[in-house]
Amino acid sequence: MIIKIALSIGLLLYSISTFLYLYRILKGPTTSDKVIALDSIGMNLVAIVAMLSMFYKTNAYLDVILLIALLAFIGTVSFSKFIEKGKVIDRERDN
Amino acid sequence: MSLLHLAILLPFFAALLIPLIYTWTKKIHTGWLVLPIPVILFIYFLSYIPKTAYEATTASFNWIPRYGINFTVVVDGLSLLFALLITGIGSLVVFYSIFYLGKNKERLNNFYAFLMVFMTAMLGVVLSDNLIVLYLFWELTSISSFLLIGYWYHRERSRYGARKAMTITVFGGLMMLGGFILLHIMTDSYSLREILAAGPAISNHAFFIPAMILILLGAFTKSAQVPFHIWLPDAMEAPTPVSAYLHSATMVKAGLYIVARFTPLFAVSGVWFTVVSVVGIITLLWGSINATKKNDLKAILAYSTISQLGLIMTLLGIGAASLHFDSLSNNLYAAAVVAAVFHLFNHATFKGSLFMMVGIVDHETGTRDIRRLGGLMRIMPVTATIAFIGTFAMAGIPPFNGFLSKEMFFESLVEITHLNLWNVETWGILLPVIAWVASVFTFVYSMIIFFKTFTGKIKPYLLPKKPHEASLGLILPPAILAALVVIIGFFPNLIAAPILEPAVKAILPTLSGADDFSIHIGFWHGFTPALLMTIGVVIVGIFLYKTHRFWKPFLTVKIPKWLRIGKAYDNSMFYMEQGAYRLTMYVMTGWLRTYLNYMLFSFIVLVLGTLVITDSLNFDFSNLTQVTVVDGVLAAVILVTLIGIVFSKSRITSIILLGAMGYTISIFFVIASAPDLALTQLVIETISVVLYLLVFYHLPQFSNIEEKPKFLSVKTLLSIGVGITITLLALSAYDTTFYESISQYYIDNVYKEAAGKNIVNVILVDFRGFDTLFETAVLAIASIGIFAMIKLRLTKRRRKHENE
């Protein structure tokens, strides 16, 4: 019971946190702010999914947690590369 | 297939062989080889005369029996009269064309092939018993007439005339097909005889009048009745044998045939009588007035044909009244039908000869303009004689056959004023008056044709060729027709009993029971009103002819101003084309967003309209699950990102927000217990975002084309409309579950049958693996397509940073 209450509180807090990140995405003066906010939303999602799977008492979502972590990383890297170089995938260098 | 079928199709088969014959036999004029066909057919149809006087001959050949469409042929009096005209005048025209068309400079193979196809079509129209087969041949006459009018296709006027004739007659033909189909719906039969027999039973049917009007439209367009007469003068661009054959003697009478044929069915209605006789009499007057103002001989003859067809049409309309009187002894309206059939025959003879005469004049002098012609009597005495007979017969002067039929015409018109039916007693007096005026004009133009061409002074300096008498071959066919005009003028009863009587009995089947019905045409009737009218026509006509040059300018200037149907046709063609073009240009803007607007608008109207009309809007929220805080928060996140996407000013923000939304949706999948969906959604979302980044790198900045979103634009309204529609649809659909879900089966059998525990994956690859197969195919196609689009550049243009 305590766990349930704790989880609810946790979910609520993470939701608020997501909203605040969302505000940063919409508002953030530079693109880098937005990308960082998106990455953080990804991390928030990891936490939310973890708490949800505890809430539902299932381990079916552990894959999802792993995947979000992976994808958030890939996404952030590609965004960063886009911001820095203007493109995501480099062409082969022919010396 | 009986001999009768073969007789109809013989010219058609001949048409197939003509091109071969033409190339093999260069030395002989192809016409000589074609000539036997109509002659044989004429003799063959002559042999039907004794038989047809008593009964109709029927022959059937199954074509599409399942639909009741069979090539059934019936020879009765009316069909035989037409068949004799078609083959008889056809023989003469073929003979005439041998001398008219040069062997070396004309494409004779085309000419005779078209002509033979036309002959088959025409025979098929008059002999068919099946309405669909009749319609088939009817259209074949339109097409072959189109080909023949446009025979000299290098001339602009020929092409114009052919197109006009085609447009109008095919329009009428299609209307007639509609009428036939309505008849089929009413009687469940395509057989003309069966439909006529069912006549009284369907006269109160709701489709009766529409069918009548549609069939009449077909008949009027073909027979060049006002206002559909405009194609006939333009069809005069055809070679003269074609004009003589198609546009005076045979094809334009197909409409009369239809009217006569359907008289037993439709004449019970007053509409039929009114429409047919009124249209006929207007055509009669209009054609005769117009004929007097033309300078081209062929144009005069064209309008004269229109006028005479109107005359016959009027008589057929009046003849419809006869069906309303049972007693035959005083059935005077049947005489109108006799007059119609008689004049139909007479017109074919004298108009055929007149056209051929004009052809001779054209051939020998090089012009058809009456202002340049004159005084040809001395040079071309035989042609002049033929013209004299033809024109005086047309004017209705004794002793030629035109006089007799015109007398009968006047008699019928006088008689109609005594009719106590359909309020004729009030307006019926107009009919004889108009007819009399029209006859005066007929007299005038007949005199113009003869006297302006053959009398007066010869003007050699105006003539392109030095005139001389035509060869015997050109003279012979019109001479034969002129001889017929005279012979029938003197001995009308030669054809009355064998040919006219069965024809009248076919038009008025109620007469066939009465044996005492017989036609006797005599010269002298005593001092009837009709005779007085004829005398009046001659006196006033002579006066008008003498003063023709004074009132002719008045006609040419005044009348066309207020009613020019030809101009109306041209304008309507022009504006229809323009209108269609403008409509297309207006609707098809080439902008995808316009088409999307059309689609979304139709979607809203159709879906919302259906929901409202069928009263399907229902909102029952009793079975909804509880909304948790997490649901609400996620929905709020999605809403915020959505609004952000719509109003964001740079693409990169839109992409990031789109990614955020995709991730949130995957959390929805998590909440809704769909881990596989959540996994896939996450991966796909990431890939899409990366792809967007790839693509958008090449695009210009958003701000370049930035515009403030207007709140009341079409786009906003449509998107709000679509959102509302979908929401309402989803809410209404939610509680309308009619059947139990089938998912219990999968839950029960996922392990038992398919040895799997992941129900989603088992459905994807086991229960419903076929979908997966083709979705895999879609992905394969997409990837190959992308590869091809990137690699395959057929244009030489190369980008700087190309890999290779």
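Lys567(B) is partly exposed, with 45% relative accessibility. This is a predicted model. Lys567(B) sits in helix α26 of chain B, which covers residues 565-587. In sequence, Lys567(B) and Ile230(B) are 337 residues apart. In space, their C-alpha atoms are 9.4 Å apart.

**The loop between α11 and α12**

This loop of chain B joins α11 (208-222) and α12 (231-234), and Pro227(B) lies in it. The peptide bond from Val226(B) to Pro227(B) is cis, with omega near 0°. Ala224(B) belongs to the loop between α11 and α12 as well. Ala224(B) is not a glycine, yet its phi is positive, at about 55°. How much relative accessible area does Ala224(B) have? The value is 0%, so Ala224(B) is buried.

Ser673(B) offers another case of positive phi. Its phi is near 55°, and the residue is other than glycine. Ser673(B) is placed in the loop between α29 (651-671) and α30 (675-696) of chain B. Ser673(B) is exposed, with a relative accessible area of 54%. Ala224(B), by contrast, is buried.

**Salt bridges**

Over all chains, the structure holds 11 salt bridges. The table gives three of them, including the N to O distances.

| Pair | Closest N to O distance |
|---|---|
| Asp129(B) and Arg193(B) | 3.1 Å |
| Arg371(B) and Asp369(B) | 2.9 Å |
| Lys505(B) and Glu501(B) | 3.8 Å |

Asp129(B) and Arg193(B) link distant parts of the chain, 64 residues apart. Asp129(B) lies in the loop between α6 (108-127) and α7 (131-149) of chain B. Arg193(B) lies in helix α9, residues 192-197. Asp129(B) is buried, at 6% relative accessible area. Arg193(B) is partly exposed, at 25%. Both residues belong to a salt-bridge network that also links Asp76(B) and Arg261(B).

The partners Arg371(B) and Asp369(B) fall into opposite classes. Arg371(B) is exposed, with 52% relative accessibility. Asp369(B) is buried, with 17%.

What separates Lys505(B) from Glu501(B) along helix α23? The two residues are four apart in this helix of chain B (residues 493-507), so about one helical turn lies between them. Glu501(B) is buried, at 14% relative accessibility.

**Aromatic pairs**

A search of the whole structure finds 35 aromatic pairs over all chains. One of them joins Phe451(B) and Tyr545(B). Their ring centres are 5.9 Å apart, and the planes meet at 40°. The pair is tilted, because its angle falls between the cut-offs of under 30 degrees for stacked and over 60 for edge-to-face.

This pair also links distant parts of the chain, 94 residues apart. Phe451(B) is in helix α21 of chain B, residues 430-454. Tyr545(B) is in helix α24 of chain B, residues 529-546. Phe451(B) counts as partly exposed, at 26% relative accessibility. Tyr545(B) is buried, at 17%.

The two rings are part of a cluster linked by ring pairs. Its other members are Phe388(B), Phe392(B), Phe400(B), Phe450(B) and Phe454(B).

**His184(B)**

His184(B) is located in helix α8 of chain B, residues 156-187. His184(B) is buried, at 19% relative accessibility; the cut-off is under 20%. Its side chain reaches the backbone nitrogen of Ser189(B) at 3.4 Å. Beyond its neighbours within four places in sequence, His184(B) is in contact with Ser189(B) and Tyr190(B).

**Where chain A meets chain B**

The contact takes 30 residues from chain A and 35 residues from chain B. The two chains bury about 3100 Å² between them. Of this area, 85% is on carbon and sulfur atoms. On the chain A side, the elements giving two or more residues are α1 (2-27), α2 (31-55) and α3 (62-85). The residues of that side divide into 23 nonpolar, four polar and three charged.

How many salt bridges are counted between chain A and chain B? The count is zero. Polar contact across the interface amounts to two residue pairs, both at pLDDT 80 or more.

How values were computed. Residues are numbered from 1 along each chain as its sequence is written. Chains are lettered from A and ligands numbered from 1 in the order in which they are written. This is a predicted model: local features need pLDDT of at least 70, side-chain atom pairs count only at pLDDT 80 or more; totals for chains, interfaces and linings use all residues. Side-chain values use heavy atoms; hydrogens and water are left out. Contact means heavy atoms within 4.5 Å. Buried area is the accessible area (1.4 Å probe) that two parts lose on being put together, summed over both. A salt bridge is a side-chain nitrogen of Lys or Arg within 4 Å of a carboxyl oxygen of Asp or Glu. A polar contact is a pair of N or O atoms within 3.5 Å; within protein, one must be able to donate a hydrogen and the other to accept it, and residues adjacent in sequence count only if both atoms are side-chain atoms. Ala, Val, Leu, Ile, Met, Phe, Trp, Tyr, Cys and Pro count as nonpolar, Asp, Glu, Lys and Arg as charged, and the others, Gly among them, as polar. Rings of Phe, Tyr and Trp (its six-membered ring) pair if their centres lie within 6.5 Å; planes under 30 degrees apart count as stacked, over 60 as edge-to-face and the rest as tilted. Buried means under 20% relative accessible area, exposed over 50%, partly exposed in between (1.4 Å probe, protein chains only).
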